[in-house]
Amino acid sequence: MTCKKCGMPEILLSTPQYQYLESGLENIYISPAKIIACERCLIKQLQINDLELLNSTITNSILLKPFSLTSADLRFLRQYLGYSINDLAEIFHLEVEIIFAIENNQEPISPQFDLLIRFFYVKSLEESFSKIVATNLIEQFSQIDFENQDNSIVLINLETLPQYYYLQSS
Ligand SMILES: [Zn+2]
């Protein structure tokens, strides 16, 4: 493969852990990871064989997260499921500005809205993609910790998708 920008041959690097910021999320780590890089342009890109499977794995990790959803989580879910901000405003009978503010961390996410959003996307995944997220959802959702700050990371090995692990970072 050659660099799209400068035409130099790209190199393949291995790294034990890669923070997957391209997802728009700060807590997703790919481990181990292969990176395609151009030494001249200093461009680095994660090598992904099955982007759809990676995105659906991240989606599951968000929907079943044992802590409150973040604004970045909400944006990821909405984009993965192909809804616009206008769609959500219509579905939830909210002003577009409210959805926009929630996704930009300007408006808090109540536990009730968090749960409503999760149920909505789980249902949406079932209906549109025939994907089952989990079978004991109500039990899992009742154990979500809305009191404490989430400091966990999601660790994903691309070789063992759709598995993922939560790790507490200190
Ligand atoms: Zn280059």
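**Exercise 1.** In which loop does P162 lie? Find the loop, then examine the peptide bond that leads into this residue.

*Solution.* The model is a predicted one. Step one: P162 is in the loop between β6 (152–156) and β7 (165–168). Step two: the bond from L161 to P162 is cis, and its omega is near 5°. Step three, the background: most peptide bonds are trans, and most residues other than glycine have a negative phi.

**Exercise 2.** Where is P32 placed, and what is the omega of the peptide bond from S31 to P32?

*Solution.* Start with the location: P32 sits in the loop between β3 (28–30) and β4 (33–38). Then take the bond: from S31 to P32 the peptide bond is cis, with omega near -5°.

**Exercise 3.** Is L42 buried or exposed? Give its phi and its loop as well.

*Solution.* Begin with the backbone: L42 is not a glycine, yet has a positive phi of about 60°. Next, the position: L42 belongs to the loop between β4 and β5 (43–46). Last, the count: a residue is exposed if 12 or fewer other C-beta atoms lie within 10 Å of its own. L42 has 7 C-beta neighbours inside 10 Å, so L42 counts as exposed.

**Exercise 4.** Why does N105 count as exposed? Place the residue and state its phi first.

*Solution.* N105 lies in the loop between α4 (96–103) and α5 (111–129). Its phi is positive, about 65°, although N105 is not a glycine. For the exposure, apply the cut-off of 12 or fewer. N105 counts as exposed because it has 12 C-beta neighbours inside 10 Å.

Key
Residues numbered from 1 in each chain as written. Predicted model: local features only at pLDDT ≥ 70, side-chain atom pairs only at ≥ 80, totals over all residues. Helix = DSSP H or I, 4+ residues; strand = E, 2+ residues; numbered from the N terminus. Buried ≥ 20, exposed ≤ 12 C-beta atoms within 10 Å, placed from the backbone.
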